[in-house]
Each structure stands twice: as structure tokens, then as C-alpha cells.
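Subject: Structure handover

Hello,

Here is the structure for you to open. Please keep it on screen while you read my notes below.

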Amino acid sequence: MLKQFFSYYRPHLGLFWLDFGCAVVSGLLELAFPLAVTAFIDHLLPQGDWTLTLAAAGGLLALYAVNAGLLTVVIYWGHKLGINIETAMRARAFDHLTRLSWRWYDRARTGKLVARVTRDLEEIGEVAHHGPEDAFIALMTFVGAFLLMFWINPQLAVIVALVVPAMLALVIVYGGRMTATWRAIYSRVGDFNVRLEETLGGVRVVQAF
């Protein structure tokens with residue numbers, strides 16, 4: 001299944017690497033920005049050299065502007081990537097539905113199918129956009145932040161490392177519950193579509209008479 005999912009990236013590899021690369025660079029800048037601000041406050045300001053201080057402030061502002069530009073690329077072009085993948089999936093799903101037999105449609109509920117082709121594929125498109133970059137950036141940020149903390153204060157880094165397993169357990173437990181809740185919501189949306197279709201269809205039948 002994952003192999004089929006990743007196949008949708010092939011026509012948009014350039015867009016994917018643009019989005020992914022900008023997201024990675026933005027994550028690295030976010031790691032470096034607190035260190036730059038700390039050096040600015042602890043070392044430059046006490047020196048009283050306003051020329052160097054203003055130059056450093058301009059550098060920090062430029063760094064922030066570059067990061068904002070990278071995030072703009074991630075938000076705009078990343079969502080374009082997700083929409084392209086979602087459109088391809090929706091076209092393939094619709095093409096598959098048009099080839100199914102009448103007997104299959106006698107057992108299927110149209111409202112459920114509408115929910116699968118619309119809402120479900122919309123969520124899959126969001127995963128296609130955010131999934132790879134979020135997973136990589138989260139891992140990179142965690143490892144990078146831990147190494148920086150260990151470099152600054154090893155004792156505090158060890159204390160944070162001891163808390164991580166408990167946080168991971170909480171994420172797994174409550175993340176599983178959230179997934180089950182979302183599945184229940186999507187199922188109810190499908191049932192609502194079924195009732196809505198039957199109601200509107202009944203209204204048209206009544207109006208016909």
C-alpha cells in the first residue's frame with residue numbers, strides 16, 4: 001500500500017523536493033535562531049559596540065525574513081503538491097467506481113462512497129503534503145535540540161531525556177484514541193451523506209407527483 005501511495009509523488013518530484021528542502025532548511029534555522037539571539041544578548045549588548053550590535057540585529061532580521069520566505073514556499077507550494085496528489089487519487093477512485101458492476105452498487109451506500117471520494121481523500125492529501133516533512137523535521141528538531149541542550153547543560157539534557165519515554169507513551173495512547181475518534185467521525189459523516197441523499201431523493205420523488 002505504501003508503494004502505491006509513494007507512486008503518486010513521481011510526477012511531482014521537483015515540487016516535493018522544493019517543499020521538503022525548504023522545510024528542512026527552515027527547521028535548521030529555527031534551531032539556530034535561539035542560539036543567535038542568546039549570543040546577541042549575552043555578548044554583543046554588554047560590549048556597547050552599537051555598530052556591531054546594529055549589524056547583528058540586521059543579520060537576525062534577515063535570517064527571520066529568509067525563514068519566513070521558506071515557510072511561504074512550504075505552505076503554498078506544499079499545499080499545491082498535496083492538492084495535485086489528492087486530485088490524482090480522486091480521479092483514479094472515480095475511474096474505478098465507474099467500472100464496478102450494478103450488483104456491487106446494489107450493496108453499496110452512495111453516501112459512504114461520496115465521503116470516501118471527498119473527505120477521506122482530502123485528509124490523505126494533507127498527509128501527502130505534511131507527512132514526510134513533518135516526520136523528518138520532528139526527528140531532526142528533537143535530535144538537534146537535544147544535542148544543543150547537552151552541549152549547553154548536560155544535566156538538564158539528561159533530565160529531559162528521562163521525560164521523553166513518558167511523553168512518547170502519552171502520545172501513543174492518546175494518539176490512538178484520537179485516530180479512533182476520527183474514524184468514528186468519518187463513519188458518521190458517511191451515514192449523514194446516506195441520509196441526506198435519501199432525503200433529497202425522496203423530496204424530488206414527492207415533487208414529481
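The second largest pocket holds about 200 Å³ of space. Keep in mind that this is a predicted model. Which residues line the second largest pocket? They are D120, E123, T179, W182, R183 and Y186. Two helices, α5 (110-152) and α6 (154-208), each give two or more residues to that lining. The largest share comes from α6, with 4 residues. By type, the lining has 3 charged residues, 2 nonpolar ones and 1 polar one. How does one find such a space at all? Rolling a probe the size of a water molecule over the atoms shows where empty space is left.

T179 also gives you a link to the start of the chain. K3 and T179 are 176 residues apart in sequence. In space, their C-alpha atoms are 22 Å apart. K3 sits in helix α1 (residues 2-7). Is K3 buried or exposed? Its relative accessible area is 69%, and exposed means over 50%. So K3 counts as exposed.

Next, helix α2. It covers residues 13-47, which makes 35 residues. How far should α2 span? At 1.5 Å a residue, the expected value is 51 Å. The end C-alpha atoms of α2 are 49 Å apart, so the two values agree. There is still a bend to look for. α2 has a kink of about 35 degrees, centred on F40. After α2 comes G48, with a positive phi near 75 degrees.

A36 is also part of α2. Its relative accessibility is 26%. Buried means under 20% and exposed means over 50%, with partly exposed in between. That is why A36 counts as partly exposed. Now pick A36 and H96, which are 60 residues apart along the chain. Their C-alpha atoms are separated by 54 Å.

Helix α3 (50-97) deserves the same length check. It has 48 residues, so at 1.5 Å a residue it should span 70 Å. Its end C-alpha atoms are 69 Å apart, which agrees. Which residues of α3 are buried? Among them are T53, L60, N67, L70, V74 and G78. The list also includes L81, G82, I85, E86, M89 and L97.

V66 lies in α3 too. Its relative accessibility is 46%, so V66 counts as partly exposed. V66 and V25 are 41 residues apart along the chain. Their C-alpha atoms are separated by 9.9 Å.

Then look at the largest nonpolar core. How many residues does this core have? It has 13. Those with the most contacts inside it are F5, Y9, F16, L81, I85, M89 and A128. At least two residues of this core come from each of α2, α3 and α5. The largest share, 4 residues, is supplied by α2. Three of these names came up before: L81, I85 and M89 are also on the buried list for α3.

Last stop: helix α4 (residues 102-107), where you will find W102. W102 has a relative accessible area of 74%, so this residue is exposed. Compare its position with that of E122. W102 and E122 are 20 residues apart in sequence and 27 Å apart in space, C-alpha to C-alpha.

Best wishes

Key:
Residues are numbered from 1 along each chain as its sequence is written. This is a predicted model: local features need pLDDT of at least 70, side-chain atom pairs count only at pLDDT 80 or more; totals for chains, interfaces and linings use all residues. Side-chain values use heavy atoms; hydrogens and water are left out. On a 1 Å grid over the protein atoms alone, a cavity is a set of points where a 1.4 Å probe fits but cannot get out, and a pocket is an open set with protein on both sides within 12 Å along at least five of seven lines; lining residues have an atom within 4 Å of a point. Grid points are joined across faces, edges and corners, and a volume is the space filled by probe spheres set on the points. Ala, Val, Leu, Ile, Met, Phe, Trp, Tyr, Cys and Pro count as nonpolar, Asp, Glu, Lys and Arg as charged, and the others, Gly among them, as polar. The expected span of a helix is 1.5 Å times one less than its number of residues. The bend at a residue is the angle between axes fitted to the seven residues ending there and the seven starting there. A nonpolar core is a set of buried Ala, Val, Leu, Ile, Met, Phe, Trp, Tyr and Cys residues joined through side-chain atoms within 4.5 Å. Buried means under 20% relative accessible area, exposed over 50%, partly exposed in between (1.4 Å probe, protein chains only).
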